[in-house]
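Me: I should like to take a close look at a single part of this structure. Please describe that part and its surroundings in one connected account, and explain each term as it arises.

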Amino acid sequence: MSEARLPEGSGSAPKRGEMIAVCSAKGGIGRTIMAVNLAVALTKKNVQVGLLDGNFQFGDVALALDLHPTFTIKDVVESLGEMDRYALSGFLIHHGSGVKTLAAPERPEYADLVTPAVIEKVCDLLMAQTDYLVVDTGPGLQEQTLQFIEKADQIFVLTTLEMSAIKNTKLMLETLEVLGYRHKTQLVVNRATMDSVIKAGDVPDILGYETSLFVPNEWQLATQSLNTGIPFVQNQAKTELAKALFKWAEQLVIRREISVFKPKSGSFLQSLLHKTSKNITSLF
Ligand SMILES: Nc1ncnc2c1ncn2[C@@H]1O[C@H](COP(=O)(O)OP(=O)(O)OP(=O)(O)O)[C@@H](O)[C@H]1O
Ligand SMILES: [Mg+2]
């Protein structure tokens, strides 16, 4: 993937990274812990990763990575006019893993300052300097989250096995389908090994979405990761929880490699026909 990256300062059109929106119908489903660990897991694939805290009211991505932001997206709003990818770099916090993070405002009342124009520009500038932009969104389908959903290349909708989560996830998936996003929506069953009347294996049928992304229920590891600010993919890499996140990252990279390097349809056949016709002509 790194071959596709443009050199810094190149005059060519900015490279466009892939935008990944991590969503859930309800709060507390695991969006932040999954977004953070997915972003860090992706860095192990030799790709540039950006992480945007899109939960503008109560974002806690910085906390989950033990980062102490000097700047947040609120500061970006204040100098939006002069913002380009180089200026934006100054507002990003660099995590030890290599993930470049843009934090949410420090107070909920600042969330409304993040207008659709800000989201558009910030996402484009972040994608110009990364291979993947992971966005931790707010819960449900509020306006800012809908904008991320619309702009994303892939939407991951998280659910757990709790009845209320399943019910609301179903409604969310139906809404995304009506909006025409089914093709880029994937289901993730988080805490899939939890004790529940609904079994993880039945969720794809119940929700009408196939998935191979089942994340085990590991309360202690998850809580420790959030409380210490050390992502479990870094210090608990051999656990089943971390393995599920590495698998998720692997799927993203493989899928992207296939779509980036896939030959244009017919191109092989056309070049073969071209060569053959040249050979035939040279015979006469
Ligand atoms: N796979 C898991 N196994 C066990 N516990 C988990 C798992 N995933 C998340 N949790 C726990 O669920 C809780 C919520 O996680 P998290 O804060 O990431 O969710 P969220 O969807 O971002 O919440 P919010 O809506 O508040 O932003 C945390 O206590 C976390 O430790
Ligand atoms: Mg969160």
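Strand 6 and its neighbours

Reply: In strand 7, Thr185 is the bridge partner of Ile155, a residue of strand 6 (residues 154–159). Strand 7 covers residues 185–189, and its 5 bridges to strand 6 join the two in parallel. From strand 6 the chain passes through helix 7 (residues 163–178) before it enters strand 7, and this β-α-β crossover is right-handed. That term means that, with the strands pointing away from the viewer, the path from the first strand over the helix to the second runs clockwise. Helices (H or I, at least four residues) and strands (E, at least two) are DSSP runs, numbered from the N terminus; two strands pair if DSSP finds at least two bridges between them.

The model is predicted: local features need pLDDT of at least 70, side-chain atom pairs count only at pLDDT 80 or more, and totals for chains, interfaces and linings use all residues. Residues are numbered from 1 along each chain as its sequence is written, while chains are lettered from A and ligands numbered from 1 in the order in which they are written.

Strand 6 also pairs with strand 1 (residues 18–24), in the parallel sense and over 5 bridges; here Phe156 is the bridge partner of Val22. Strand 1 in turn pairs with strand 5 (residues 132–137), again parallel over 5 bridges, and Met19 has Leu133 as its bridge partner there. The open sheet has 7 strands in the order 3-4-2-5-1-6-7, with mixed pairing. Strand 3 (93–94) and strand 7 stand at its edges with a single partner strand each, so one side of each lacks a neighbour in the sheet.

Is strand 6 enclosed or open? Of its 6 residues, 5 are buried, so strand 6 is largely enclosed by the rest of the structure. A residue is buried if 20 or more other C-beta atoms lie within 10 Å of its own, exposed if 12 or fewer, and partly exposed in between, with C-beta atoms placed from the backbone.

Helix 7 has 16 residues, which at 1.5 Å a residue should span 22 Å (1.5 Å times one less than the number of residues); its end C-alpha atoms are 23 Å apart, which agrees. Its buried residues are Ala165, Ile166, Thr169, Met172 and Leu173. They cover an arc of only 130 degrees around the axis, which puts them on the same side of helix 7; the arc is that of the directions from the helix axis to the C-beta atoms. Met163, Ser164 and Val178 are exposed, on the face of helix 7 turned away from its buried side.
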